[in-house]
Amino acid sequence: MTEQWKKDLSCVVSCTRCNAALGAADRRIFSVYTHAPICMACKKKEESRPDYEETSRQMIGQCMAETEAAWSDPGGYCFYHFYPFTCE
């Protein structure tokens with residue numbers, strides 16, 4: 001993983017789940033299930049799933065271990081699963 005991940009993932013032009021258009025200033029967030037950028041409406045639906053809490057707990061632990069070891073967690077990649085962001 002390099003800094004290229006930030007541009008490739010944070011600047012997608014549509015939600016990877018529902019295909020809603022995403023402008024540069026629109027907030028988006030990574031799915032804890034697929035690690036792909038999704039719109040905030042899809043994140044809200046994701047958070048209502050009964051397995052969301054357990055899945056997010058497992059995901060953050062695994063993500064931190066993998067990205068810290070390999071890339072020193074560039075730019076907070078793991079945290080973008082929980083904190084919305086815009087295209088930079």
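Start at the link between Cys63 and Cys78: the torsion about their S-S bond is about -90 degrees, so this disulfide is left-handed. The model you have open is predicted, and this bond makes a good first stop.

**Stop 1: Cys63 and Cys78**

Select both residues and show their side chains. The two sulfur atoms sit 2.2 Å apart, S to S. Cys63 belongs to helix α3, while Cys78 is in the segment after α3, so the pair ties together parts that are 15 residues apart in sequence. Are these two cysteines buried or exposed? Cys63 counts as buried at 6% relative accessibility, and Cys78 is buried too, with a relative accessible area of 0%.

**Stop 2: Cys11 and Cys87**

A search of the whole structure finds two disulfides, and you can now select the other pair. Cys11 and Cys87 are bonded with their sulfur atoms 2.0 Å apart. Their link has 90 degrees about the S-S bond and is right-handed. Look at where each end is anchored: Cys11 is in the loop between α1 and β1 (28-30) and Cys87 in the segment after α3, so the pair ties together parts that are 76 residues apart in sequence. Turn on a surface here as well. Cys11 is partly exposed, with a relative accessible area of 22%, and Cys87 is partly exposed at 24%. If you number the bonded cysteines in sequence order, the pairing reads 1-4, 2-3.

**Stop 3: cysteines outside the disulfides**

Next, pick Cys15, which is in no disulfide. Which cysteine sulfur is nearest to Cys15? That of Cys42, 3.7 Å away. Cys15 is buried, with a relative accessible area of 0%. Now add Cys39, which is in no disulfide either; its nearest cysteine sulfur is that of Cys42, at 3.7 Å. Cys39 counts as buried, at 8% relative accessibility.

**Stop 4: helix α2**

Cys42 brings you to helix α2, so to speak, by way of its buried residues: Cys42, Lys43 and Glu46. Look down the helix axis. The buried residues of α2 fall within an arc of 105 degrees, so they line one face of the helix. On the face turned away from that buried side, select the exposed residues Lys44 and Lys45. A general point helps when you look at such a view: an α-helix has 3.6 residues a turn, so residues three or four places apart point the same way.

**Stop 5: the nonpolar cores**

Select Phe30, Val32, Tyr52, Met59, Cys63, Tyr77, Cys78, Tyr80 and Phe85 together; these nine residues are the largest nonpolar core. Helix α3 (residues 52-71) gives the most to this core, with three residues. Apart from it lies another core of seven residues, including Val12, Cys15, Ile29 and Ile38. As a rule, in soluble globular proteins nonpolar side chains tend to be buried together.

Now centre on Val32. What is Val32 in contact with, leaving aside its neighbours within four places in sequence? The residues are Lys43, Glu46, Tyr52, Thr55, Ser56, Met59, His81 and Phe82.

**Stop 6: two backbone spots in the loops**

Move to Asn19, in the loop between α1 and β1. Asn19 has a positive phi of about 70 degrees although it is not a glycine. This residue counts as exposed, at 58% relative accessibility. Then go to His35, in the loop between β1 and β2 (37-39). His35 also is not a glycine, yet has a positive phi, of about 65 degrees. His35 is partly exposed, with a relative accessible area of 30%.

**Last stop: the whole chain**

Zoom out and colour by element. The protein has three helices and two strands, which run α-β-β-α-α from the N terminus on. Of its 88 residues, 36% are buried. Among contacts with a separation of 6 or more, 49% are between residues 24 or more positions apart. The accessible surface comes to about 5,100 Å², and carbon and sulfur atoms account for 55% of it.

Finally, colour by confidence. The average pLDDT is 85, and 83% of the residues score at least 70. Where is confidence lowest, and where is it highest? It is lowest in helix α1 (residues 4-10), at a mean of 69, and highest in helix α2 (residues 40-47), at 97. Where pLDDT is low, the predicted coordinates should not be read in detail.

How values were computed: Residues are numbered from 1 along each chain as its sequence is written. This is a predicted model: local features need pLDDT of at least 70, side-chain atom pairs count only at pLDDT 80 or more; totals for chains, interfaces and linings use all residues. Side-chain values use heavy atoms; hydrogens and water are left out. A nonpolar core is a set of buried Ala, Val, Leu, Ile, Met, Phe, Trp, Tyr and Cys residues joined through side-chain atoms within 4.5 Å. Buried means under 20% relative accessible area, exposed over 50%, partly exposed in between (1.4 Å probe, protein chains only). Helices (H or I, at least four residues) and strands (E, at least two) are DSSP runs, numbered from the N terminus. Contact means heavy atoms within 4.5 Å. pLDDT is the predictor's confidence in each residue, from 0 to 100. Accessible areas come from the Shrake-Rupley method with a 1.4 Å probe; for residues, only the protein chains shown count as cover. A disulfide is a pair of cysteine sulfur atoms within 2.5 Å. The arc is that of the directions from the helix axis to the C-beta atoms.
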